[in-house]
There are 2 protein chains.
Amino acid sequence: MTAHAYPDAERAAVYRVINERRDMRHFLPDPVDPDVLARLLQAAHHAPSVGFMQPWRFIRITDRPLRERIHALVEQERRATATALGEREDEFMKLKVEGVLDCGELLVVALMDRREQHIFGRRTLPEMDLASVSCAIQNLWLAARAEGLGVGWVSLFEPEALKQLLGMPAGSRPVAILCIGHVEKFYEQPMLQQEQWATRADLAQLVADNHWPEGE
Amino acid sequence: MTAHAYPDAERAAVYRVINERRDMRHFLPDPVDPDVLARLLQAAHHAPSVGFMQPWRFIRITDRPLRERIHALVEQERRATATALGEREDEFMKLKVEGVLDCGELLVVALMDRREQHIFGRRTLPEMDLASVSCAIQNLWLAARAEGLGVGWVSLFEPEALKQLLGMPAGSRPVAILCIGHVEKFYEQPMLQQEQWATRADLAQLVADNHWPEGE
């Protein structure tokens, strides 16, 4: 325990939200309160970023025909992924992998353009811009869970096609279609675990002292 | 407000930790309680991951000579970055950009090898593995803040050199040197903002409806 530790109840709330956050694919159609959405975006904006570059951009999809075009892109990639999966194709096609048409709010999150100007922390690891955007999305995700809202990160899309659809500038890159909204209930366990797509790894096998984990 | 929302005090704790988390570079040498470290790693392991692939691996550096070799790599890259920054070289060299030798715990976080077997959510966006690891690090970071501990994500290193130093397998990739430890105090604002390296962007300029934000 340190002088800077939060009181037990607050610390417990932080672990609660980390454990109860789920990647949601089932949504109710009810709208998201604009004040809540504003809080979620502020949470995202308070993420760490490499060299404080704040590379995140958010496009809120309020136009229904545009949402339907985005859904068509996702559906196209869902089928392409199923084919690429080979022997697991049928199993994959039975999963619900997105809630693009159902969720109350749809956000596209992207990396800004002109990122090459930012060298601090990125000279040898240019992908740290994506790391920063991912931390922003994780902040938003956790805040949404505390607000009682579900979030699903959909990465089943052809980025160049989505970029064209949204008139995104050269050098930018969309990295997430975020479905945000009310849910009937949160999954007890990660949905892909419940559906037996994959199992949770034993953490002890992923950690080692001074060398690569041998559990691998 | 939804039926799934947390009580106000818990919701406030989640926003508190999001707002008070800092990327720390100043540490006290006191050791980190092993039980706390175990909780932080569990928090990381409960991050979302694309197709539930759990691509994160953690190497805890307990060997002092190894820590010193890692520090030397970071110092080398710090100087290379300074040179690459050109006119901001002197300004950069005055910043404290890492606490590798000072912090109580040093963790290297890496992407596992054999990731090409995982297609779900990665066929067109292979970088989603890094997104997952980044969410795991953000979970750890937030949990650490609630525990009263500071975390600094150092990305100033040549990944191939670090990989060799730690005997990491082909196909794996180190993405973070995490300094974790006790701190005298947390920065009031992001350190790079306090040191006037960069300013916080106006969120309103980073968000737009149905098209690219025009504030750009």
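So, how many bridges join strand E1 of chain A to E5(B), and do they run parallel or antiparallel? Three, and the two strands run parallel. Before I go on, bear in mind that this is a predicted model.

Within that pairing, take A:Arg60: its bridge partner in E5(B) is B:Asp209. Now swap the chains. E5(A) is joined to E1(B) by three bridges, again parallel, and here A:Asp209 has B:Arg60 as its bridge partner.

Follow E5(A) further and you get an open sheet of five strands, ordered E5(A)-E1(B)-E2(B)-E4(B)-E3(B), with mixed pairing. At the edges are strand E5 (207-209) of chain A and strand E3 (150-154) of chain B; each has a single partner strand, so one side of each has no neighbour in the sheet. On average, neighbouring strands here are turned by 25 degrees against each other, ignoring direction. H3(B) lies across E1, E2, E3 and E4 of chain B, at about 115 degrees to E1(B).

Okay, the chain contact itself. Chain A puts in 90 residues and chain B 89. On the chain B side, the elements that each supply at least two residues include helix H1 (8-20), helix H3 (64-85) and strand E5 (207-209). By class, that side has 54 nonpolar, 22 polar and 13 charged residues.

Last stop, A:Trp141, in helix H5 of chain A. Buried or exposed? Buried, because 29 other C-beta atoms lie within 10 Å, and the cut-off for buried is 20 or more. Leaving aside neighbours within four places in sequence, A:Trp141 is in contact with A:Arg21 and A:Val151. A:Phe120, 21 residues away in sequence, is 27 Å from A:Trp141, C-alpha to C-alpha.

Notes: Residues are numbered from 1 along each chain as its sequence is written. Chains are lettered from A and ligands numbered from 1 in the order in which they are written. This is a predicted model: local features need pLDDT of at least 70, side-chain atom pairs count only at pLDDT 80 or more; totals for chains, interfaces and linings use all residues. Helices (H or I, at least four residues) and strands (E, at least two) are DSSP runs, numbered from the N terminus. A residue is buried if 20 or more other C-beta atoms lie within 10 Å of its own, exposed if 12 or fewer, and partly exposed in between; C-beta atoms are placed from the backbone. Two residues are in contact if their C-beta atoms, placed from the backbone, lie within 7 Å. Ala, Val, Leu, Ile, Met, Phe, Trp, Tyr, Cys and Pro count as nonpolar, Asp, Glu, Lys and Arg as charged, and the others, Gly among them, as polar. Two strands pair if DSSP finds at least two bridges between them. Axes are lines fitted to C-alpha atoms, for helices over the stretch in contact, and angles run from 0 to 180 degrees between N-to-C directions.
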